[in-house]
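Hi,

Here is the structure I promised to pass on. Please open it first, and then read my notes alongside it.

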Amino acid sequence: MLELLPRFGLAPLRQALEHPLPGSPERCLARWAVEDRDHHLWMLERLGPRQAARREGLARLLERLARDPALAGFVPAYLPVDGGPDHVLALDRGPLAGFWQISPFVPGAELPRPAYLDQAWRGEALAGFLLALQRAGASWPALPAANVPPLPDYIRALLAAITRRKPSVAARLGPLRGFLETLPQVLAAQPMVLGHGDLHPLNVQWGGGPEEPVRAVIDWEFAGARPLLLDAANCMGCAGFEHPSGLFRGFVPALARACAPREFLALLPAMVLASRFGWLSEWLRKNDGEMLGMELDYCDILVRNQERLADAWTV
């Protein structure tokens with residue numbers, strides 16, 4: 001596996017087994033932390049055949065973002081294959097046949113859970129990242145499409161599947177029906193911006209404190225044109241899922257108040273609730289009854305507290 005590194009212009013040294021691998025392992029077939037002879041760390045990923053084209057497009061997007069001075073420290077852009085413009089190495093024979101990519105491996109400090117919920121500086125840092133990302137996209141002639149269906153279509157299809165296959169879960173979701181009727185208006189009130197697509201606290205390689213809050217943001221597979229508030233809403237919703245009281249203190253309010261112009265902030269509670277449907281789908285896909293039950297309870301909390309959250313986040 002190390003013999004692939006010269007194909008990306010790197011001299012291999014060793015596999016860096018001491019480093020835990022951040023982000024979702026489901027984003028590729030396999031991955032390894034490796035070190036080159038200059039003692040730089042890299043993440044080597046083996047891709048599935050269906051991922052190759054999308055990953056090439058993603059690599060070009062991240063390469064472009066990494067050239068922006070305001071984002072260079074946030075974006076671990078993929079290396080091009082040595083001697084060419086492509087970022088996915090395709091091998092058609094031998095034990096390493098398949099598709100490969102490599103990007104900088106950025107070690108981060110462990111996120112202190114749940115203590116981070118009280119740390120406003122982390123929320124402020126992520127808001128700064130989102131604003132820089134949005135500014136970068138605003139200067140482009142057109143935003144790249146995200147690798148996901150429009151949110152109302154996604155939720156509608158998910159609810160139809162739940163109604164057919166999990167009627168007890170559909171019954172629990174009954175209180176959300178009224179909210180869902182308003183979602184198209186909530187989305188129409190927001191501009192489309194360049195978004196990360198899966199921003200949450202564990203997709204951040206954190207620094208050691210307020211002086212160096214964020215070292216990198218990872219797992220960009222769903223980046224592209226997204227509603228203005230969706231990234232912040234997903235991140236805030238994940239923090240609140242750890243403990244609902246976290247929605248009202250430290251990290252979450254700091255992110256909310258700094259992530260967008262004030263006139264949009266009243267829409268954030270609805271967007272947080274909408275973002276939970278992706279997680280609901282995840283627990284159903286994994287047949288994880290415990291997490292599904294927690295998610296349904298959390299959605300009930302979000303529905304009951306829409307006005308209270310709007311007040312807390314717009315002060």
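Below is what I found, starting with the sheet and moving on to two helices.

This is a predicted model, where local features need pLDDT of at least 70, side-chain atom pairs count only at pLDDT 80 or more, and totals for chains, interfaces and linings use all residues. Residues are numbered from 1 along each chain as its sequence is written, and side-chain values use heavy atoms, with hydrogens and water left out.

Helices (H or I, at least four residues) and strands (E, at least two) are DSSP runs, numbered from the N terminus. Two strands pair if DSSP finds at least two bridges between them.

The sheet: five strands form an open, antiparallel sheet in the order β1-β2-β3-β5-β4. β1 (12–15) and β4 (89–91) are at the edges with a single partner strand each, so one side of each has no neighbour in the sheet. Within the sheet, β3 (residues 41–47) and β5 (residues 98–104) pair over six bridges, and W42 has P104 in β5 as its bridge partner.

Helix α7 (residues 251–258): six of its eight residues are buried (under 20% relative accessible area, 1.4 Å probe, protein chains only), so the rest of the structure largely encloses α7. Among those buried are F251 and L255.

Helix α3: its buried residues include L151, I155 and I162. Seen down the axis, the buried residues of α3 fall within an arc of 165° (taken from the directions from the helix axis to the C-beta atoms), so they line one face. The face turned away carries R156 and R164, which are exposed (over 50%).

Enjoy exploring!
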